[in-house]
Amino acid sequence: MAEVILKNVKKVYPYQETKKKKKGAEEKKTNLQITEEGVLAVQDFNLHIKDKEFIVLVGPSGCGKSTTLRMVAGLEEISGGELYIDGQLVNDVAPKDRDIAMVFQNYALYPHMSVWENMAFPLKLRKTPKEEIAQRVSQAAEILGITQYLDRKPKALSGGQRQRVAIGRAIVREPKVLLMDEPLSNLDAKLRNQMRAEIIKLRQRINTTFIYVTHDQTEAMTLGDRIVIMKDGVIQQIGTPQEVFDHPANLFVAGFIGVPQMNFYDAQLVLDSDGKYAVELDKAHVVLSDVKQANLKKNNVKPGPITLGVRPEHLLLSGAAENMIAGQVEVSEMMGSAVHVHVNACGSDTIIIVQTTELENPAAFSIGSQISFTFSGATAHVFDRETQKNLEA
Ligand code: ADP
Ligand code: MG
């Protein structure tokens, strides 16, 4: 149980490579800020994690998630800023004194030890009494459903079972904070879904603050109380899954959260004669909802070119004739309960999700067909074309 606070935390990896190698490395990391000190992997990281909260750090590979987690664990030196655990400044506290446990993507089990020995190991290191070790290991094994494998060596276990052992080894210590770095990434899709549910159950059984790292937006959305979306070492948005889905702070978050991805268009924001904001795309003229009107007014947004974003599930196949956008079907994917129709419209690739129950004429989506669609003023997202910020935010 613990509160974790990161204040203006920053990580710079100093250059270690020779000049020649360094050049290659810089080319690979064109998206990162290269300073004279080194590679700026994380910057301006501010986050207040509440006791027992489940926080997910999510973002594409290389955005600084593992670096942030490793700084919390004490495995990586903090270049700037402050880290507090339970009110104590721990920048210079050794990892073993932070009362934190970490689970890695590759399990990192000891191959020569049995499952029981693997799980007991951190307790033995701490000179925990024998009876207490036995009690804690069997309890963790029971929580994770691995009691029947306690005598086996890791090589005699499946990937999912190994990951359970790794989690078991982390929770026997009853750490204040449990860190997990892409713990499910090495599992196949079906097992990953299963383990995701297991982690939700685990969370209900143990009283710990979780910081969980993943590049997978589905994991982030389903596990996190709040999620922190990162890009190039910088936090893009912090919020509950619903908040970041409904109100993405910028184009990056809008595109990263939600599958299939939000559709984007070059469109125009206009002010109607009655003073209301509307979006114009192709021949469509869609007046925004009252909530959106108020947000844009509050920000004193000027009409002009914008990037319009509409999620595939929010595009509509029927509407007022004067609001329809024309497109041509390129691919139609039958997903069972829905069809994902890929449409070329306004020079963009558009995906429209049509529920199978609403499917009146499936032939309408055969390749090459002309279709038309529109969107509602309540589900349209408007972004500044230059700054890529949500104009409502
Ligand atoms: P993520 O976990 O989000 O994929 P990382 O935190 O591992 O990202 O890496 C962030 C950035 O820091 C990357 O550009 C990576 O190449 C760089 N980096 C990570 N570890 C080191 C290191 N030990 N030395 C130098 N650069 C590093
Ligand atoms: Mg990583």
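**Exercise 1. Find the salt bridge formed by Asp 51, then look at how open its two ends are.**

Step 1: Asp 51 forms a salt bridge with Lys 52, and their closest N and O atoms are 3.4 Å apart. The rule asks for a side-chain nitrogen of Lys or Arg within 4 Å of a carboxyl oxygen of Asp or Glu.

Before going on, a word on the ground rules. This is a predicted model, where local features need pLDDT of at least 70 and side-chain atom pairs count only at pLDDT 80 or more, while totals for chains, interfaces and linings use all residues. Residues are numbered from 1 along each chain as its sequence is written, chains are lettered from A and ligands numbered from 1 in the order in which they are written, and side-chain values use heavy atoms, with hydrogens and water left out.

Step 2: Check the accessibility, where buried means under 20% relative accessible area, exposed over 50% and partly exposed in between (1.4 Å probe, protein chains only). Asp 51 has a relative accessible area of 37%, so it is partly exposed. Lys 52, with 30%, is partly exposed too.

**Exercise 2. How many salt bridges does the structure hold, and where does the one between Glu 132 and Arg 136 lie?**

Step 1: The structure holds 15 salt bridges.

Step 2: Glu 132 and Arg 136 meet through their side chains at 2.6 Å, N to O. Both lie in helix 4 (residues 130-144), four residues apart, which is about one turn of the helix. Helices here are DSSP runs (H or I, at least four residues), as are strands (E, at least two), numbered from the N terminus.

Step 3: Glu 132 is partly exposed at 29% relative accessible area, whereas Arg 136 is buried at 16%.

Step 4: Now try Asp 290 and Lys 276, whose side chains form a salt bridge at 3.9 Å, N to O. This pair links distant parts of the chain, 14 residues apart: Asp 290 is in helix 10 (residues 290-298), and Lys 276 is in the loop between strand 12 (263-271) and strand 13 (277-281). Asp 290 is exposed, with a relative accessible area of 58%, while Lys 276 is partly exposed at 32%.

Step 5: To finish, pick out a network: salt bridges link Lys 11, Arg 70 and Glu 76.

**Exercise 3. Sort out the aromatic pairs: how many does the structure hold?**

Step 1: There are five aromatic pairs. Rings of Phe, Tyr and Trp (its six-membered ring) pair if their centres lie within 6.5 Å; planes under 30 degrees apart count as stacked, over 60 as edge-to-face and the rest as tilted.

Step 2: Take Phe 54 and Phe 210. Their ring centres are 4.7 Å apart and their planes are at 5°, so the pair is stacked. Phe 54 sits in strand 4 (residues 54-58) and Phe 210 in strand 9 (residues 209-214), 156 residues apart, so to speak linking distant parts of the chain. Phe 54 is buried at 1% relative accessibility, and Phe 210 is buried at 0%.

Step 3: Phe 252 and Phe 256 have ring centres 5.6 Å apart and planes at 20°, so they are stacked as well. Both belong to helix 9 (residues 251-256), and both are buried.

Step 4: Add Tyr 212, which forms one aromatic cluster with Phe 54 and Phe 210.

**Exercise 4. Describe how domain 1 and domain 2 meet.**

Step 1: Domain 1 covers 4-252 and domain 2 covers 264-384, with bounds from an automatic or database domain assignment. Their centres, taken over C-alpha atoms, are 39 Å apart.

Step 2: Six residues from domain 1 and six residues from domain 2 take part in the contact, meaning heavy atoms within 4.5 Å.

Step 3: About 510 Å² is buried between the domains, 68% of it on carbon and sulfur atoms. That is the accessible area (1.4 Å probe) lost by two parts on being put together, summed over both.

Step 4: On the domain 1 side, Phe 245, Pro 248 and Leu 251 lose the most area, together 85% of what that side buries. The rule finds zero salt bridges across this interface.
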